[in-house]
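Here are my notes on the structure you sent, set out as numbered points. I begin with a term that the later points rely on and then move through the sheets, the cores and the backbone.

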Amino acid sequence: MITGIFILLLLLLCGCEDFAQADPDQAVVEGFLHANRTAEIKVNRQLVFSGGDTTFSQPLSMLHITFVNESTGKSETLVETEAGVYCSQQLIAEENTYTLSFEYAGKNVRAQTTVPSHVTGFEADGNALLHTERFSEDTLRYVNYHWENEYNDFHLMQITHMESWVKPIYNTAYTPSFTITSSPTQDTTFQVNSRGFHYYGRHYMILYKLNQEYVDLYYENSSNSQHLTNPPTNIQNGFGIFTGMSSDTLLLQIL
């Protein structure tokens with residue numbers, strides 16, 4: 001369920017580069033280590049078109065990627081499950097540090113991140129919202145979420161429609177997204193109302209705790225969306241992001 005929160009970032013990774021200084025053959029890493037899941041790392045080869053005005057990417061296959069849990073000393077070689085997608089066997093542990101490394105185009109591509117501690121104190125003051133024709137008639141208008149944040153970590157809320165059936169709240173000419181994502185915040189509260197959803201039914205309310213590298217890339221994209229500049233990255237000898245996160249989930253029903 002983590003894919004939805006990274007679409008904006010992945011567009012940045014694929015498309016923003018200072019082409020006057022572009023390396024014509026660059027590895028782009030997409031690695032989000034989610035606590036209590038296995039790792040899935042995507043690696044693409046970014047190429048500049050001959051005109052130098054845009055790029056395209058293609059999966060990088062047959063890489064020998066070493067994945068090390070620096071906190072335990074356990075090392076493994078990631079298994080390629082499909083073109084350019086490499087997975088671990090070990091589960092990602094909270095508060096452990098991981099290193100990723102591989103050789104490509106004569107360079108050692110390397111990155112490191114630490115997975116955040118568990119989300120704590122995630123609660124809501126309701127589990128349902130009623131949507132009527134007029135907001136003034138809604139008897140359940142708001143649900144407030146709150147959590148603990150002793151060290152001022154960044155968090156992000158993702159709302160995902162989870163039903164197998166689809167019943168839109170509003171009639172539109174387009175298909176609304178099934179996922180709504182907030183901006184990273186250091187706040188400890190988040191409020192939703194009955195007008196902020198696209199579909200009836202149950203929704204996952206997922207609270208992610210984020211690392212700084214994700215936040216840097218998110219806000220760099222937001223402030224420089226009209227400029228083709230090198231995005232921030234924590235990948236040595238490459239581009240992209242290698243970051244960790246933890247999460248907790250509650251359910252909310254739109255009636």
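1. In what follows, two strands are said to pair if DSSP finds at least two bridges between them. The model is a predicted one, and with that criterion three of its strands form an open sheet in the order E10-E12-E15, with antiparallel pairing. Strand E10 (123–124) and strand E15 (189–193) are the edge strands, each of which pairs on one side only.

2. The contacts within this sheet can be followed through Tyr 145. E10 and strand E12, which covers residues 142–146, pair in the antiparallel sense over two bridges, and Ala 124 stands opposite Tyr 145 in E12. On the other side, E12 and E15 are also antiparallel and pair over five bridges, where the bridge partner of Tyr 145 in E15 is Phe 190.

3. Which residues of E12 point to the buried face, and which point to the other? In a regular strand the side chains alternate between the two faces of the sheet. E12 shows such an alternation, with Val 143 and Tyr 145 pointing to one face and buried, whereas Tyr 142, Asn 144 and His 146 point to the other and are not buried.

4. Another open sheet has four strands in the order E5-E4-E8-E9, again with antiparallel pairing. Strand E5 (74–77) and E9 stand at its edges with a single partner strand each, so one side of each is left without a neighbour in the sheet. Direction ignored, neighbouring strands of this sheet are turned by 15° against each other on average.

5. Within the four-stranded sheet, strand E4 (residues 66–69) runs antiparallel to E8 and is joined to E8 by four bridges; here Asn 69 stands opposite Tyr 98 in E8. E8 is joined to E9 by eight bridges, also antiparallel, and Thr 99 has Gln 112 in E9 as its bridge partner. E8 and E9 form a hairpin with two residues between them, and Ala 105 in the turn has a positive phi of about 55°.

6. The largest nonpolar core has 23 residues, of which Leu 33, Val 43, Phe 67, Phe 102 and Phe 242 touch the most other members. Strand E1 (26–34), strand E2 (38–48), strand E8 (97–104) and strand E9 (107–114) are the elements that give two or more residues to this core, and E8 supplies the largest share, four residues. Apart from this core lies another, of 16 residues, among them Tyr 145, Trp 147, Phe 197 and Leu 207, so that Tyr 145 is a member of a core by the same definition, which takes in buried residues joined through side-chain atoms within 4.5 Å.

7. Phe 242 deserves a separate look. Leaving aside residues up to four places away in sequence, Phe 242 touches Gly 31, Leu 33, Ile 41, Phe 67, Tyr 98, Leu 100, Ala 111, Gln 112, Thr 113, Glu 213, Asn 234 and Ile 235.

8. Two further backbone angles should be checked. Most residues other than glycine have a negative phi. Glu 95, which is not a glycine, has a positive phi of about 65°; Glu 95 is found in the loop between strand E7 (85–91) and E8, and at 56% relative accessibility Glu 95 counts as exposed, because the cut-off for exposed is over 50%. Asn 237 likewise has a positive phi, near 60°, and is found in the loop between helix H2 (212–223) and strand E17 (239–254), where its 41% relative accessibility makes Asn 237 count as partly exposed.

9. On confidence, the mean pLDDT of the protein chain is 86, and 80% of its residues reach 70 or more. The pLDDT is below 50 over residues 14–21, a stretch that has 27 contacts in the model beyond near neighbours in sequence. Residues 224–228 also have a pLDDT below 50, with seven such contacts.

10. For the chain as a whole, there are two helices and 17 strands, and buried residues make up 44% of the 255 residues. Among contacts with a separation of 6 or more, 70% come from residues 24 or more positions apart. The protein chain exposes about 12800 Å², of which carbon and sulfur atoms supply 48%.

Notes
Residues are numbered from 1 along each chain as its sequence is written. Side-chain values use heavy atoms; hydrogens and water are left out. Buried means under 20% relative accessible area, exposed over 50%, partly exposed in between (1.4 Å probe, protein chains only). Contact means heavy atoms within 4.5 Å. pLDDT is the predictor's confidence in each residue, from 0 to 100. Accessible areas come from the Shrake-Rupley method with a 1.4 Å probe; for residues, only the protein chains shown count as cover. Axes are lines fitted to C-alpha atoms, for helices over the stretch in contact, and angles run from 0 to 180 degrees between N-to-C directions.
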